[in-house]
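Reader: How should one read the aromatic side chains of a structure? Please take me through an example.

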Amino acid sequence: MAGNREFFNRRLHSLLGVIPVGVFLLVHLTANNFATRGEEAFNSAAGFMGSLPFRIFLEVVIIYLPLIFHAIYGLYIAFTAKNNVSRYGFFRNWMFFLQRITGIITLIFVAWHVWETRIQAAFGAEVNFQMMEDILNSPAMLIFYLVGVISTIFHFSNGLWSFAVSWGLTITPRSQQIATYVTIIIFIALTYVGVSTIFAFV
């Protein structure tokens, strides 16, 4: 029974990391990238996202609850995982190790980002271009956001590879090798989107 429960939890953890959390990440990166088109474009995109019907319900059910489960179970996996990078320096072992490290960094970053934006919005602050510009005006916060965003994107991109293996989408070594190249391309493309967005506020 315990083995079946852990198998189910790991599958659910993997699934939620892609759907809906991963999908939300893509939407969030796309909406925020409007900052590269100027303050007005970003504020319009943020205003549209903020005016969606049933926004609070959607955020709780589609984002926060899946994210909380993924984060808590992810911490369990991270602290019980048997990393063997020092003994076996293979590429996939390093990806396994980095997946756990970036998961912890991502959790810290997302929690802080939610505090600075969504929680502050609940207290009456307006989530707009000026808010992000003020946050990233600090060199320390700029570095923190760069590390956080890149870690989040790596965790998602590399997680896609694990998801494909866990769900039987890539069974053969050849298909897993192709999936590695695809996820690297996804990581590079999304990193460009995320980093260019950050520097649009600077």
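**Aromatic side chains**

Reader: Is Tyr 145 buried or exposed?

Author: Tyr 145 is buried (under 20% relative accessible area with a 1.4 Å probe, protein chains only; exposed is over 50%, partly exposed in between), because its relative accessible area is 3%. Phe 109, at 7%, likewise counts as buried. This is a predicted model, in which local features need pLDDT of at least 70 and side-chain atom pairs pLDDT 80 or more, while totals for chains, interfaces and linings use all residues. Residues are numbered from 1 along each chain as its sequence is written, and side-chain values use heavy atoms, without hydrogens and water.

Reader: How many aromatic pairs are there?

Author: Rings of Phe, Tyr and Trp (its six-membered ring) pair with centres within 6.5 Å; planes under 30 degrees apart are stacked, over 60 edge-to-face, the rest tilted. The count is 11 aromatic pairs. Among them, Phe 109 and Tyr 145 are edge-to-face, with centres 5.1 Å apart and planes at 85°. This pair joins helix 5 (residues 91-122) to helix 7 (residues 139-166), and its partners are 36 residues apart; helices are DSSP runs of H or I, at least four residues, numbered from the N terminus.

Reader: Why is the pair of Phe 154 and Phe 187 edge-to-face?

Author: Their planes meet at 85°, with 5.8 Å between centres, so the pair is edge-to-face. Phe 154 belongs to helix 7 and Phe 187 to helix 8 (residues 173-200), so parts 33 residues apart in sequence are tied together. Phe 154 is buried at 14%, whereas Phe 187 is partly exposed at 22%.

Reader: Which residues form one aromatic cluster?

Author: Phe 42, Phe 129 and Phe 201 do.

Note on methods. Helices (H or I, at least four residues) and strands (E, at least two) are DSSP runs, numbered from the N terminus.
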